[in-house]
Amino acid sequence: TFAQQRPNIDDNFSADVTILESRETHKVRMMGQIYEDFKGQRSRIDTDHTHERPLHVVILRFFNERREYEIQGEQRCQNKTLEHKMIPAFGWIAQAQIQSFPCQYGNITHKRVGHLWLHKDDGKGETRAVCVSQTNAN
């Protein structure tokens with residue numbers, strides 16, 4: 001049985017995050033945390049790049065002031081103007097569709113962990129997914 005109720009996720013949240021960045025032949029994977037304060041219009045991404053040259057990266061965004069700061073290690077801080085507004089991180093869920101197959105975890109065990117909701121934005125070439133717990137849907 002699949003959850004009938006669409007998930008309701010607060011846009012003020014923190015979570016573990018994996019960031020995958022791909023540019024031509026160069027790919028980067030960073031692990032860390034994301035903090036979103038939609039009400040206060042600010043966000044923080046705190047990640048570690050552990051391959052090639054280990055590097056700690058913090059990105060601070062202050063949307064009301066239209067400023068972004070990227071701090072790489074202890075040496076470099078880049079300051080730039082934000083050209084876009086903050087959008088709700090989970091606003092796309094309103095258009096997501098529950099899938100007929102569950103979320104699974106583990107390459108070998110394929111343990112069922114929840115219900116999969118997907119949204120494909122073909123105009124942008126993006127697919128977004130959220131796995132909703134079987135025991136706690138909201």
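**Figure 1. Ala-89 in the loop between strand E6 and strand E7.** In this predicted model, Ala-89 sits in the loop that runs between strand E6 (76-81) and strand E7 (97-105), and the residue is partly exposed, with a relative accessible area of 27%. Although Ala-89 and Asp-11 are 78 residues apart in sequence, their C-alpha atoms are 5.9 Å apart in space. When residues up to four places away in sequence are left out, Ala-89 touches Asp-11 and Phe-13.

**Figure 2. The largest pocket and its lining.** The largest pocket has a volume of about 1,000 Å³, and of the 28 residues that line it, Val-17, Ile-34, Ala-89, Trp-92 and Arg-128 are the closest to its centre. Two or more residues of this lining come from each of strand E1 (12-23), E2, E3 and strand E9 (126-133), and E1 gives the most, with eight residues. By class, the lining of the largest pocket is made up of 15 nonpolar, six polar and seven charged residues.

**Figure 3. The largest nonpolar core, with Trp-92 among its residues.** Six residues form the largest nonpolar core, namely Trp-92, Ile-93, Ala-96, Trp-117, Val-130 and Val-132. Another core, of five residues, lies apart from it and includes Phe-13, Ile-45, Val-57 and Ile-59. Leaving aside residues up to four places away in sequence, Trp-92 touches Trp-117 and Val-130, and its contacts also include His-119, Arg-128 and Ala-129.

**Figure 4. His-119 in strand E8 and its contacts.** His-119 lies in strand E8, which spans residues 111-121. Its relative accessible area is 17%, and because a value under 20% counts as buried, His-119 is classed as buried. Not counting residues up to four places away in sequence, His-119 touches Trp-92, Gln-95 and Ala-96 as well as Glu-126, Thr-127 and Arg-128.

**Figure 5. The second largest pocket and its lining.** With a volume of about 640 Å³, this is the second largest pocket, and it is lined by 22 residues, of which Glu-21, Met-30, Val-57, Glu-70 and Gln-72 lie nearest its centre. E1, E2, E3, E4, E5 and E6 each supply at least two residues of this lining, while E4 gives the most, with four residues. The lining of the second largest pocket divides into eight nonpolar, five polar and nine charged residues.

**Figure 6. Gln-41, a residue other than glycine with a positive phi.** Gln-41 has a phi near 55°, a positive value in a residue that is not glycine, and it lies in the loop between strand E2 (26-37) and strand E3 (42-49). With a relative accessible area of 18%, Gln-41 is buried.

**Figure 7. Arg-66, with a positive phi although it is not a glycine.** The phi of Arg-66 is positive, at about 55°, and the residue is placed in the loop that lies between strand E4 (55-62) and strand E5 (67-72). Arg-66 has a relative accessibility of 44% and therefore counts as partly exposed.

Terms used:
Residues numbered from 1 in each chain as written. Predicted model: local features only at pLDDT ≥ 70, side-chain atom pairs only at ≥ 80, totals over all residues. Heavy atoms only, no water. Buried < 20%, exposed > 50% of the residue type's maximum accessible area, 1.4 Å probe, protein only. Contact = heavy atoms within 4.5 Å. Core = buried A, V, L, I, M, F, W, Y, C linked by side-chain atoms within 4.5 Å. 1 Å grid on protein atoms, 1.4 Å probe; cavity = no way out; pocket = protein on both sides within 12 Å on 5 of 7 lines; lining within 4 Å. Points joined across faces, edges and corners; volume = space filled by probe spheres on them. Nonpolar A, V, L, I, M, F, W, Y, C, P; charged D, E, K, R; others polar.
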